[in-house]
Amino acid sequence: MPDRQNRPLVAGPDGGPSSPFPIKLSGPVIKGFGRGSRELGIPTANIPADGLKEYPDLESGVYYGVVALDPGRFMYTSGETANGDGNGGGKKSTTTVFPAVLSIGFNPYYKNTVRSVEIHIMAPFAPNGPAEAESQAQEKHFHKLPDFYGTNLNLLILGYIRPEYDYVSLEALVEDIRVDCEVARRSLARDAYACYLFGDDSSSSSVKSEREWLLDF
Ligand SMILES: Cc1cc2nc3c(=O)[nH]c(=O)nc-3n(C[C@H](O)[C@H](O)[C@H](O)COP(=O)(O)O)c2cc1C
Ligand SMILES: Nc1ncnc2c1ncn2[C@@H]1O[C@H](COP(=O)(O)OP(=O)(O)O)[C@@H](O)[C@H]1O
Ligand SMILES: [Mg+2]
């Protein structure tokens, strides 16, 4: 395993997602092994891996992106952020678009035999990006929502962070995931990525259509 001390805190080009991103995956939230919350303190919404068949070359690893949950089953009600709904305020849709970090693969630490897609949904942040203090506060506790098993989830993967690793301890795995959350937040706060979260009027037609897909349930 390479040096995990001095990791870059931003991943992917500043100009926006580049091929093969954005990658679209969706499906109902299913049960995993129950380790995310219980052992790591980091809940991950697992969705079926079938959608990966369309991307046979996609390597296992850790990615960042944006997520929406079917508002017919799950409605986000927290007023934690500056804009509350995470959509930048005053937008047509009230469905929250969340920043997310995810793992695709076999979880080498646990030696799974089946490939899984597991998404940790992070707290929404304001359109001008997470302030340093807000970011540090979020790092202390991983974001927890009420359970939403069975809810349809749409995911746009926007960038790649790192390969999956085995670890010497659970603490080392959790610490790397903490840094992944920071990398995802900083990467998504850049203008060419934040538009997927906030959908401002000046967004390009491709961003608009990808957001339409994201919010279509
Ligand atoms: C951002 C992120 C990065 C992860 N990186 C790794 C990793 O490098 N190696 C690993 O074995 N598991 C990794 N995991 C997966 C965790 O081990 C997994 O979330 C945990 O086993 C929970 O599984 P469960 O949903 O089946 O309960 C990562 C998970 C997340 C959310
Ligand atoms: N921030 C969050 N991100 C993802 N899932 C969350 C979050 N908060 C709560 N959950 C809930 O926790 C479940 C995941 O917990 P986890 O311990 O990983 O269980 P499982 O092994 O069944 O995936 C999700 O399916 C979802 O219902
Ligand atoms: Mg999980």
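Let's start with Asn46. An N or O atom in the side chain of Asn46 sits 3.0 Å from an oxygen atom of ligand 1. Keep in mind that this is a predicted model.

Stay with ligand 1 for a moment. Asn107 also offers a side-chain N or O atom, and that one is 3.3 Å from an oxygen atom of ligand 1. Phe33 uses its backbone instead: a backbone N or O atom lies 2.8 Å from an oxygen atom of the ligand. How much of ligand 1 does the protein bury? Taken alone, ligand 1 exposes 620 Å², and the protein buries 98% of that.

Who are the neighbours? There are 23 residues around ligand 1. Those that come nearest are Phe33, Arg35, Tyr109, Glu118 and Tyr165. And the space that ligand 1 takes is the largest pocket.

Now the metal. Ligand 3 is a magnesium ion. Which protein atoms are its donors? Thr44 gives two, O and OG1, and Asn46 gives OD1. They lie 2.2 Å from the ion. So Asn46 turns up twice: its side chain has a polar contact with ligand 1, and its OD1 is a donor to the magnesium ion.

Why do we call this site octahedral? Look at the angles. Six donor atoms surround the magnesium ion, and they subtend angles of 80 to 171 degrees, which makes the arrangement octahedral.

Are the two donor residues buried or exposed? Take them one at a time. Asn46 has a relative accessible area of 9%, so it counts as buried, because the cut-off is under 20%. Thr44 comes out at 28%, so Thr44 is partly exposed.

Thr44 leads us on to ligand 2. A polar backbone atom of Thr44 is 3.0 Å from an oxygen atom of ligand 2. Ile121 has a polar backbone atom 2.9 Å from a nitrogen atom of ligand 2. For Phe148, a polar backbone atom is 2.8 Å from an oxygen atom of the ligand. Taken alone, ligand 2 exposes 560 Å², of which the protein buries 97%.

Around ligand 2 we have 21 residues. Gly32, Gly34, Ser37, Phe148 and Tyr149 come nearest. Where does ligand 2 sit? The space it takes is the largest pocket, too.

To wrap up, remember Thr44. It donates to the magnesium ion, and its backbone contacts ligand 2.

Definitions and conventions: Residues are numbered from 1 along each chain as its sequence is written. Chains are lettered from A and ligands numbered from 1 in the order in which they are written. This is a predicted model: local features need pLDDT of at least 70, side-chain atom pairs count only at pLDDT 80 or more; totals for chains, interfaces and linings use all residues. Side-chain values use heavy atoms; hydrogens and water are left out. Donors are N, O and S atoms within 2.8 Å of the metal (3.2 Å for Na, K and Ca); water is not among the atoms, so sites may look incomplete. Four donors count as tetrahedral if all angles lie between 85 and 135 degrees; four count as square planar and six as octahedral if opposite donors are over 155 degrees apart and all others between 65 and 115; anything else is irregular. Buried means under 20% relative accessible area, exposed over 50%, partly exposed in between (1.4 Å probe, protein chains only). A residue is near a molecule or strand if one of its heavy atoms lies within 4 Å of it. A polar contact is a pair of N or O atoms within 3.5 Å; within protein, one must be able to donate a hydrogen and the other to accept it, and residues adjacent in sequence count only if both atoms are side-chain atoms. Accessible areas come from the Shrake-Rupley method with a 1.4 Å probe; for residues, only the protein chains shown count as cover. On a 1 Å grid over the protein atoms alone, a cavity is a set of points where a 1.4 Å probe fits but cannot get out, and a pocket is an open set with protein on both sides within 12 Å along at least five of seven lines; lining residues have an atom within 4 Å of a point. A molecule sits in a cavity or pocket if more than half of its atoms lie within 2 Å of its grid points.
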